[in-house]
Amino acid sequence: MQATGDFDVTVTPQAATAGLESAALGRMTLAKQFHGDLEASSLGEMLTAAGAVQGSAGYVAMERVSGALHGRAGGFVLQHSGTMNRGAPQLSVTVVPDSGTGELAGLTGSMTIRNDGGRHSYVFDYALAAPA
């Protein structure tokens, strides 16, 4: 199955971990509001690292999503892993296995995220299996 829509995101920088202030590492909180086939909100945390070359960086994040997917109520966790290699992006966003709750128990899938000039959208390819 596939879900599509837009989302709004607020990224809030957090204080650097003691001793890592000069290591080109960052930490942020995420708050999102999804619209469309996924009507949900999420909270998450992100870690970033800047490369020595302009346009090179990486990030990882964990995000707890709560709401309704095609009318099914529940929640799940998304795991992000992204890199930017001299401006060329690569991103993987997948559902953490067995993180689905409520009517979303047994959820698997991956999400593609687009940022078109500050307008964020998603395509979520997913499946719902009977929970184990």
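**Exercise 1. State how much surface the protein chain exposes and what share carbon and sulfur atoms supply.**

Step 1. The method is Shrake-Rupley with a 1.4 Å probe.
Step 2. The exposed area is about 7500 Å².
Step 3. Carbon and sulfur atoms supply 55% of that area.

This is a predicted model: local features need pLDDT of at least 70, side-chain atom pairs count only at pLDDT 80 or more, and totals for chains, interfaces and linings use all residues. Residues are numbered from 1 along each chain as its sequence is written, and side-chain values use heavy atoms, leaving out hydrogens and water.

**Exercise 2. Give the strand and helix counts, then judge compactness.**

Step 1. Helices (H or I, at least four residues) and strands (E, at least two) are DSSP runs, numbered from the N terminus.
Step 2. The chain has nine strands and zero helices.
Step 3. Its radius of gyration (over C-alpha atoms) is 16 Å, close to the 14 Å that the globule rule (2.2 Å times the number of residues to the power 0.38) gives for 132 residues, so the chain is as compact as a globular protein of that length.

**Exercise 3. Find what share of the 132 residues is buried.**

Step 1. Buried means under 20% relative accessible area (1.4 Å probe, protein chains only).
Step 2. The share is 27%.

**Exercise 4. Find what share of the contacts with a separation of 6 or more joins residues 24 or more positions apart.**

Step 1. A contact means heavy atoms within 4.5 Å.
Step 2. Such residues account for 46% of these contacts.

Notes
Buried means under 20% relative accessible area, exposed over 50%, partly exposed in between (1.4 Å probe, protein chains only).
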